[in-house]
Amino acid sequence: MPAPTSPFADRYVERHWTSPDGLSLFARDYAPAAGEARLPVIAIHGLTRNSADFGVIAGLMAQSGRRVLAVDVRGRGLSDRAPDPMTYRPDVYAGDMIALMQQAGIEKAVFLGTSMGGLITMALTALQPQAVAAAVINDVGPEVAPEGLARIAAYTGRKVEITNWADAAAYARDINAVAFPEYDGGDWDAFARRIFREGADGRPVLNYDPDISVPIKAAGAGALVPDLWPAFKALADGRPTLLVRGGVSDLLSPEIAGRMRETAPDMAYVEVPGIGHAPMLDEPEARAGILTFLAGVA
């Protein structure tokens with residue numbers, strides 16, 4: 001399967017903003033193509049990931065005429081690590097997104113959230129509902145399947161011994177093969193380059209602070225996703241919303257997705273066949289679904 005791309009995938013500038021508690025946080029800022037002004041998109045990644053996940057879909061959204069800010073949540077990528085690991089939680093992350101909007105002069109945006117990014121979007125809606133014009137929620141819900149939650153909690157923050165990029169690709173495959181069964185060696189090499197960075201000694205190191213696991217361990221894996229049904233209802237009530245689900249996701253079960261669709265009957269829905277948690281959003285079904293959805297948003 002050739003690696004998908006888009007003409008704007010690497011056309012971003014590096015932006016920094018300051019969190020309420022003084023951290024320097026990072027975003028890839030994709031300028032929109034010429035045309036009618038549209039609301040910007042703020043893209044928020046999953047628990048152990050970073051802004052590199054959004055290269056293809058961010059480029060396509062920019063090409064369609066939207067500014068895209070793909071963020072590194074605190075403790076990930078090029079954003080500062082938090083001195084207090086107990087700040088690694090969704091309400092604090094949501095406050096960081098509000099700070100980004102204030103410092104970037106953005107009053108309202110479309111939010112695209114993968115996994116944890118979807119939870120942050122729900123938390124943000126509770127804190128500042130007028131900031132969220134529309135939302136794309138990628139493979140997460142107001143509750144999650146326990147088997148998927150246990151799988152993610154098992155590797156988050158785990159110390160790994162990686163000596164070279166081949167080891168990094170093997171690690172990426174080990175923890176993600178269940179989600180991407182059709183990936184080949186080249187796909188895993190590219191995956192490793194997104195989730196690892198080169199350390200001071202030249203060896204690959206995971207591109208997140210292992211202490212993001214501290215609040216999870218302190219409260220138990222179930223604390224990753226408390227009861228967010230009221231937040232989801234508030235998000236989807238009168239606001240354009242799209243749910244993307246991996247067809248074989250072990251985190252967002254068909255039952256939970258079905259209940260979400262019953263709760264929000266106007267919510268758009270796309271399922272990506274053969275993909276688990278979470279779709280990379282470079283899959284044809286995801287790309288088409290998101291671009292079609294955004295075409296109907298101001």
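Two strands count as paired if DSSP finds at least two bridges between them. Helices (H or I, at least four residues) and strands (E, at least two) are DSSP runs numbered from the N terminus. By that rule, β2 and β4 are joined by 5 bridges and run antiparallel. The model here is a predicted one, where local features need pLDDT of at least 70 and side-chain atom pairs count only at pLDDT 80 or more, while totals for chains, interfaces and linings use all residues. Residues are numbered from 1 along each chain as its sequence is written, and side-chain values use heavy atoms, with hydrogens and water left out.

First, the overall picture. The protein chain holds 10 helices and 10 strands. Its C-alpha trace spans about 50 × 45 × 40 Å along the principal axes. The radius of gyration (taken over C-alpha atoms) is compared with a globule rule of 2.2 Å times the number of residues to the power 0.38. For 298 residues, a compact globule would come out near 19 Å, and the chain has 18 Å, so the two agree. Buried means under 20% relative accessible area, exposed over 50%, and partly exposed in between (1.4 Å probe, protein chains only). On that scale, 57% of the 298 residues are buried.

Now for the sheet. Strands of a sheet pair through backbone hydrogen bonds, either parallel or antiparallel. In this model, an open sheet of 8 strands follows the order β1-β2-β4-β3-β5-β6-β9-β10, and the pairing is mixed. At its edges sit β1 (12-18) and β10 (268-272), each of which pairs on one side only. From one strand to the next, the twist averages 20°.

At the β1 end, β1 and β2 pair in the antiparallel sense over 7 bridges, with tyrosine 12 matched to tyrosine 30 in β2. Their hairpin has 5 residues between the strands, and glycine 22 takes a positive phi near 90° there. On to β4: alanine 27 has valine 71 as its bridge partner in that strand. As for β2, 6 of its 7 residues are buried, so the strand is largely enclosed by the rest of the structure.

At the other end, β9 (residues 241-246) and β10 pair in the parallel sense over 5 bridges. One pair of bridge partners is leucine 243 and tyrosine 269, the latter in β10. Helix α9 (residues 254-263) packs on the sheet and touches β9 and β10, with its direction about 170° from that of β9. Such angles run from 0 to 180 degrees between N-to-C directions, using axes fitted to C-alpha atoms, for helices over the stretch in contact; contact means heavy atoms within 4.5 Å.

What about the inside? A nonpolar core is a set of buried Ala, Val, Leu, Ile, Met, Phe, Trp, Tyr and Cys residues joined through side-chain atoms within 4.5 Å. The largest one has 98 residues, of which Ile42, Val71, Leu112 and Ile290 touch the most other members. Helix α2 gives the most to this core, with 7 residues. Leaving aside neighbours within four places in sequence, leucine 112 has contacts including Ile42, Phe54, Met61, Val136, Leu281 and Ile290.

Threonine 125 makes a nice last stop. This residue is found in helix α3 (residues 116-127), and its 4% relative accessibility is why threonine 125 counts as buried. Beyond its neighbours within four places in sequence, threonine 125 is in contact with Val132, Ala234, Leu235 and Arg239.
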